[in-house]
Amino acid sequence: MENVLVAEGVTKMFKNKRGIKDVSFIIKQGEAYGLLGSNGAGKTTLMKIVTGLTKAKYGRVMLFGEDIDLYHESCLSKIGSLIETPSFIGYISVEKNMKMVSKYYNCRESMDDILDLVGLKKYKLEKPEKFSLGMKQRLGIAISLVGDPKLIVLDEPANGLDIEGIVGIRNVILKLRERKSTSFLISSHLSSEIEKICTKVGIMYEGQLISECDMETIHENFPNLEEYFLNEIKMKTK
């Protein structure tokens, strides 16, 4: 399988001594890589570097065989992302928000299909400023799907969603992997959700990637992902 993302020794430390240090991992085509860690472990910082929102001080990120710092525009045209909070214009309709993004990507696919995937089609004429947190999150995920990206980066995608919403987004991820071999980088502090959708997991702790393992091996050796996570943290802090 083709390497979609390769991170090599990625490091970025802030003045408060938080950040990430010497992080390396690979995501192949069709894989869903889960970053699991507590708040402040460095997951969002890593995702911002991968999506070009900030630069690493050391190391490099290769997307589809190209260095993101050298081929910024080319790399970013192939990825979709939702980092921290959804970005959209609250006072115009969902449909107009989607059309604006589609023009940026010169995309001709039906926005209705994407909205239907995330359960927002019937709300397309409404203004998202009045939406609940969960509905705003769904719109953010819908926007990340515009342009048929080959890699989708989702930072806490279940944030604010009810059970039905979480299951719906999970099914979107599974469908895209199955039908289009789309790759995913997904962060969460909820082990149960990562366990259901990811093929491989990396454990973040105090800015470092302390362990990674494919989900099949985890299930062979531990009752669940939570036990694997706790075991790796315990080993690190002995």
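## Salt bridges, pockets and a cavity

Lys-150 and Asp-148 form a salt bridge, with 3.7 Å between their closest N and O atoms. The model you are looking at is a predicted one, and a search of the whole structure finds seven salt bridges. Alongside these contacts, the briefing covers the largest pocket, of about 670 Å³, the second largest pocket, of about 390 Å³, and the one cavity of 30 Å³ or more.

**Salt bridges around Asp-148**

- Both partners of the opening pair are partly exposed: Lys-150 has a relative accessible area of 46%, and Asp-148 has one of 32%.
- Asp-148 also forms a salt bridge with Lys-180, and here the closest N and O atoms are 3.2 Å apart.
- Asp-148 sits in the loop between helix H5 (133-144) and strand E7 (151-155), while Lys-180 belongs to helix H6, so this salt bridge ties together parts that are 32 residues apart in sequence.
- Lys-180 counts as partly exposed too, at 46% relative accessibility.
- Elsewhere, Glu-95, Asp-112 and Lys-124 are joined into one network by salt bridges that share partners.

**The Glu-84 and Lys-48 pair**

- Glu-84 and Lys-48 meet through their side chains in a salt bridge, at 3.5 Å from N to O.
- Because Glu-84 lies in the loop between strand E6 (79-82) and helix H3 (94-104) and Lys-48 lies in helix H1 (residues 43-50), the pair links parts that are 36 residues apart in sequence.
- Are these two residues buried, partly exposed or exposed? Glu-84 is partly exposed, with a relative accessible area of 44%, and Lys-48 also counts as partly exposed, at 26% relative accessibility.

**The largest pocket**

- The largest pocket holds about 670 Å³ of space.
- Its lining is made up of 24 residues, and those nearest the centre are Ile-79, Ser-81, Tyr-104, Tyr-105 and Ile-143.
- Helix H2 (72-76), E6, H3 and H5 each contribute at least two lining residues, with E6 giving the largest share, four residues.
- By class, this lining has eleven nonpolar, ten polar and three charged residues.

**The second largest pocket**

- The second largest pocket has a volume of about 390 Å³, and 18 residues line it.
- Closest to the centre of this pocket are Gly-40, Lys-43, Thr-44, Thr-45 and Glu-84; Glu-84 is also the salt-bridge partner of Lys-48.
- Which helix supplies the largest share of the lining of the second largest pocket? That helix is H1, with four residues.
- The lining residues divide into two nonpolar, ten polar and six charged.

**The cavity**

- Rolling a probe the size of a water molecule over the atoms reveals where empty space is left.
- In this structure there is one cavity of 30 Å³ or more, and the largest cavity contains about 80 Å³ of space.
- The residues lining the largest cavity are Pro-157, Ala-158, Leu-161, Ile-166, Ile-169, Arg-170, Ile-173, Ile-186, Ser-187, Ser-188, Glu-193 and Ile-197.
- Helix H6 (163-180), strand E8 (183-188) and helix H7 (191-197) each provide at least two of the lining residues.
- H6 gives the largest share of this lining, four residues; H6 is also the helix that holds Lys-180, the salt-bridge partner of Asp-148.
- Sorted by class, the cavity lining has eight nonpolar, two polar and two charged residues.

Methods:
Residues are numbered from 1 along each chain as its sequence is written. This is a predicted model: local features need pLDDT of at least 70, side-chain atom pairs count only at pLDDT 80 or more; totals for chains, interfaces and linings use all residues. Side-chain values use heavy atoms; hydrogens and water are left out. On a 1 Å grid over the protein atoms alone, a cavity is a set of points where a 1.4 Å probe fits but cannot get out, and a pocket is an open set with protein on both sides within 12 Å along at least five of seven lines; lining residues have an atom within 4 Å of a point. Grid points are joined across faces, edges and corners, and a volume is the space filled by probe spheres set on the points. Ala, Val, Leu, Ile, Met, Phe, Trp, Tyr, Cys and Pro count as nonpolar, Asp, Glu, Lys and Arg as charged, and the others, Gly among them, as polar. A salt bridge is a side-chain nitrogen of Lys or Arg within 4 Å of a carboxyl oxygen of Asp or Glu. Buried means under 20% relative accessible area, exposed over 50%, partly exposed in between (1.4 Å probe, protein chains only).
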